[in-house]
Amino acid sequence: MKFQIEDVTVYFPYDNIYPEQYSYMVELKRALDAKGHCLLEMPTGTGKTIALLSLITSYALSKPQSPLKLLYCTRTVHEMEKTLAELKKLHDYQVQHLGPAARILAVGLSSRKNLCVNPRVVSAENRDSVDAGCRKLTASWVRALAEKNPNVPTCEFFEEYERAGSGAVLPPGVYTLQDLRAFGKLKGWCPYFLARHMVQFANVVVYSYQYLLDPKVAGIISKEMQRESVVVFDEAHNIDNVCIEALSVSVRRQTLEGATRNLSKMEQEIQRFKATDESRLRAEYNRLVEGLAQRGDLQGDTWLANPALPDDILKEAVPGNIRRADFFVRVLRRLVQYLKGRLETDSVEKEGPVTFVASINNHAGIDQKTLKFCYDRLHSLLLTLEITDTDEFLPIQTICDFATLVGTYARGFSIIIEPFDDRMPDVRDPVLQLSCHDASLAIKPVFDRFQTVVITSGTLSPIDLYPRLLNFNPVVSRSFTMSLTRDCICPMVLTRGSDQLPVSTKFDMRSDLGVVRNYGRLLLEMVSVVPDGIVCFFVSYSYMDEIVNSWNETGILKEIMQHKLVFIETQDVVETTLALDNYRKACDCGRGAVFFSVARGKVAEGIDFDRHYGRLVIMFGVPFQYTLSKILLARLEYLRDTFQIKEGDFLTFDALRQAAQCVGRVIRSKADYGMMIFADKRYSRHDKRSKLPGWILSHLRDAHLNLSTDMAVYIAREFLRRMAQPYDKAGGGGKKTLLSQEDLQKMVEGHMNEMLY
């Protein structure tokens with residue numbers, strides 16, 4: 001269908017539209033017109049992605065004189081593929097209506113591991129090895145050698161791509177990762193470098209958050225993007241954590257041992273070059289004297305940019321004491337030695353970057369300016385020494401990462417040294433962490449550079465906390481509810497078991513046998529009433545192990561297994577994937593299954609349990625972060641002093657967005673139905689409950705706020721009976737939940753009349 005929103009004709013590839021999709025588009029258009037940033041919360045399963053894509057591409061088509069580029073950031077490759085598939089459908093629809101004028105180029109960009117087509121390289125087990133394998137075949141000096149000696153291996157796909165020169169372009173269309181690989185094989189070109197080259201010409205680019213937020217990657221991939229871009233962060237409820245991880249570094253003993261090995265190898269290489277080809281080292285020295293103006297000349301060989309943010313990087317000459325290669329290696333040796341000494345502590349230490357830098361200066365004689373330049377100097381040296389094993393040199397890169405960040409930022413960071421993990425005090429595993437507390441640091445360049453940034457997700461409540469955490473002023477900030485023909489969501493708060501004992505995962509109650517027994521009884525009652533799949537979320541892996549063991553000893557698990565099979569998420573990705581597959585099989589064949597999972601785990605973040613795969617979700621407890629974590633305490637202190645956010649408010653907000661994310665996995669469309677049980681007495685308190693998203697709260701009745709197990713079972717039975725009745729999908733009576741083109745026009749005209757009279 002196509003319709004007007006003010007001066008824009010929106011092309012929407014389906015025959016019907018939800019009212020909230022229309023409202024979402026109207027708000028999004030307001031933000032685009034105002035050239036400002038916006039925060040939009042829309043329930044899961046209401047077609048957020050297609051609403052975003054339809055409006056932004058239609059907006060760009062309606063204003064051909066000022067081309068808009070869309071940068072769509074997703075969290076996982078799976079989400080990226082889903083987005084591109086939707087875009088394909090939309091693109092075909094637009095071309096059918098507008099002809100060739102509507103043709104656009106849309107590209108998905110991912111790591112070499114997902115795009116490489118060279119069988120020798122892509123067979124490596126992890127991402128770093130694939131990157132290194134690629135460099136061994138494509139680095140400029142390897143290719144120069146290969147011209148003289150045909151026995152030196154190179155990558156035929158990269159060579160073909162280079163030979164094609166400016167002819168290596170993608171014809172207009174929408175390309176998923178699969179399409180890019182197929183196109184690369186067909187033409188004999190490297191899909192990874194082709195995609196990276198085409199990113200600057202594409203109308204739509206879909207890639208991961210890191211490509212915009214992590215300065216090491218963004219400095220290479222995203223620096224070409226023009227200001228007239230719309231950036232969308234989808235599923236962005238955890239965006240503050242992504243920003244913080246991008247600027248944090250942790251150093252362990254293994255890192256320092258690896259760095260020592262790297263430095264010995266570099267020394268050998270420097271000696272070899274001194275003997276055979278001293279002119280290279282001299283040329284590098286002269287270049288460093290002139291300053292870092294050579295940043296653009298190394299184009300072909302950049303593999304990582306500076307870890308600091310672009311505005312904080314000094315554009316001046318490298319300090320004299322590290323210009324000579326062997327001097328620089330000695331400085332790094334002193335730094336590694338100093339860090340080794342700091343790890344030998346018996347107590348937890350915490351200090352700010354300023355005192356840490358002063359201490360390095362006193363003990364190792366390395367000043368702040370030298371630290372700042374470590375990363376660029378290392379990069380230059382690795383290129384001069386023609387090193388291709390980038391995965392082998394990760395430890396020393398981590399150390400230089402750390403040095404550059406410590407030297408650059410005076411506030412918003414802490415250095416925390418812990419001799420052992422609190423949970424295992426007998427095992428000595430010292431770790432030194434440079435931890436960033438200010439999420440607004442990494443995202444500030446994105447807000448400053450692009451005219452509109454859209455932050456959207458199904459769980460952004462309370463929505464007023466995000467502008468404070470990320471330090472920006474949105475022009476539009478809205479939370480939408482779900483329009484439903486029937487009450488197909490049934491949230492309940494369970495505060496006590498059948499024996500009226502309260503249940504909670506509070507630290508002093510969680511191991512109480514009564515609580516464990518009541519949780520077991522609750523699940524046992526539910527497996528006998530609810531058909532198909534049930535998903536249970538626990539607050540942590542250790543708590544899940546403890547409870548499952550206890551249930552096993554008391555025979556509860558055996559009783560549960562008589563009704564449904566049980567599958568468990570572990571920290572091993574392969575095992576979890578296998579468990580999920582078998583869980584789905586058990587649901588498909590009617591045997592029914594229960595899946596035990598952990599809040600903040602992989603499953604809670606990205607796996608959908610729609611239709612019969614999830615008829616009930618039980619959240620056992622409130623998933624607070626580990627509150628004794630030194631890093632968390634330092635961050636809370638910083639948030640309190642800088643943004644006036646109270647510790648309790650932040651912790652509750654963080655726990656409830658995780659809980660909402662877990663239970664939100666059960667509803668993925670309006671024809672779906674499911675129940676959510678929040679099993680903890682703390683959810684009945686208004687200050688906790690009110691932080692859940694509006695679309696869950698609007699279905700939470702007062703009668704469902706303080707239930708015991710037997711009452712919850714009764715409500716579940718009634719709800720399932722009601723859901724089994726036939727119903728009108730488009731919505732009968734006065735309230736329509738699926739609008740055709742005519743309905744939409746009537747609705748818009750109605751709004752106009754209301755505004756006039």
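Asp687 is partly exposed, with a relative accessible area of 36%. I start there since salt bridges are the main topic today, and the structure is a predicted model. The partner of Asp687 is Arg685, and their side chains meet in a salt bridge at 3.1 Å, N to O. Arg685 is also partly exposed, at 42% relative accessible area.

Some salt bridges share partners, and one network formed in this way joins Glu6, Asp7, Lys29, Asp33 and Lys63. The structure holds 51 salt bridges in total. As general background, side chains of opposite charge can pair when their charged atoms come close.

Let me take two members of that network, Asp33 and Lys29. Their side chains meet at 2.6 Å, N to O. Both residues belong to helix H1, residues 19–34, and they sit four residues apart, about one turn of the helix. Are the two ends of this bridge buried or exposed? Asp33 counts as partly exposed, because its relative accessibility is 36% and the partly exposed class runs from 20% to 50%. Lys29 has a relative accessible area of 1%, so this lysine is buried, the cut-off being under 20%.

Next, helix H20, residues 439–449. Here the side chains of Asp448 and Lys444 form a salt bridge at 2.9 Å, N to O. Asp448 and Lys444 are separated by about one helical turn, because they are four residues apart in H20. Asp448 is partly exposed at 45% relative accessibility. Lys444 is partly exposed too, with a relative accessible area of 47%.

Now the nonpolar side. Which residues touch the most other members of the largest nonpolar core? That core has 168 residues, and the ones in question are Phe3, Tyr207, Phe233, Ile239, Met266 and Ile455. The element that gives the most to this core is helix H16, residues 325–343, with 10 residues. Apart from the largest core lies another one, of 85 residues, including Met482, Leu522, Leu580 and Val603.

Phe3 deserves a slide of its own. Leaving out residues up to four places away in sequence, Phe3 touches Val8, Thr9, Val10, Phe12, Ile17, Tyr22, Met25 and Leu744. Two of these contacts, Tyr22 and Met25, carry numbers that fall within helix H1, residues 19–34. That is the helix of the Asp33 and Lys29 bridge.

On to the strands, and one in particular. How many of the residues of strand E15 are buried? Eight of its eight residues are, and E15 covers residues 489–496. E15 pairs with strand E20, residues 674–679, in the parallel sense over six bridges. Within that pairing, Met492 has Ile677 of E20 as its bridge partner. E15 also pairs with strand E21, residues 707–708, again in the parallel sense, over two bridges. In E21, Leu707 stands opposite Leu494. A general remark for anyone looking at the side chains: in a regular strand they alternate between the two faces of the sheet.

Last, confidence. The mean pLDDT of the protein chain is 91. Of its residues, 96% reach 70 or more. Where does pLDDT stay under 50? The stretch is residues 293–300, and for it the model has six contacts beyond four places in sequence.

To recap the bridges: Asp687 with Arg685 at 3.1 Å, Asp448 with Lys444 at 2.9 Å, and Asp33 with Lys29 at 2.6 Å. In that last pair, Lys29 is the buried residue, while Asp33 is partly exposed. That is what I have for today.

How values were computed:
Residues are numbered from 1 along each chain as its sequence is written. This is a predicted model: local features need pLDDT of at least 70, side-chain atom pairs count only at pLDDT 80 or more; totals for chains, interfaces and linings use all residues. Side-chain values use heavy atoms; hydrogens and water are left out. pLDDT is the predictor's confidence in each residue, from 0 to 100. Contact means heavy atoms within 4.5 Å. A nonpolar core is a set of buried Ala, Val, Leu, Ile, Met, Phe, Trp, Tyr and Cys residues joined through side-chain atoms within 4.5 Å. Buried means under 20% relative accessible area, exposed over 50%, partly exposed in between (1.4 Å probe, protein chains only). A salt bridge is a side-chain nitrogen of Lys or Arg within 4 Å of a carboxyl oxygen of Asp or Glu. Two strands pair if DSSP finds at least two bridges between them.
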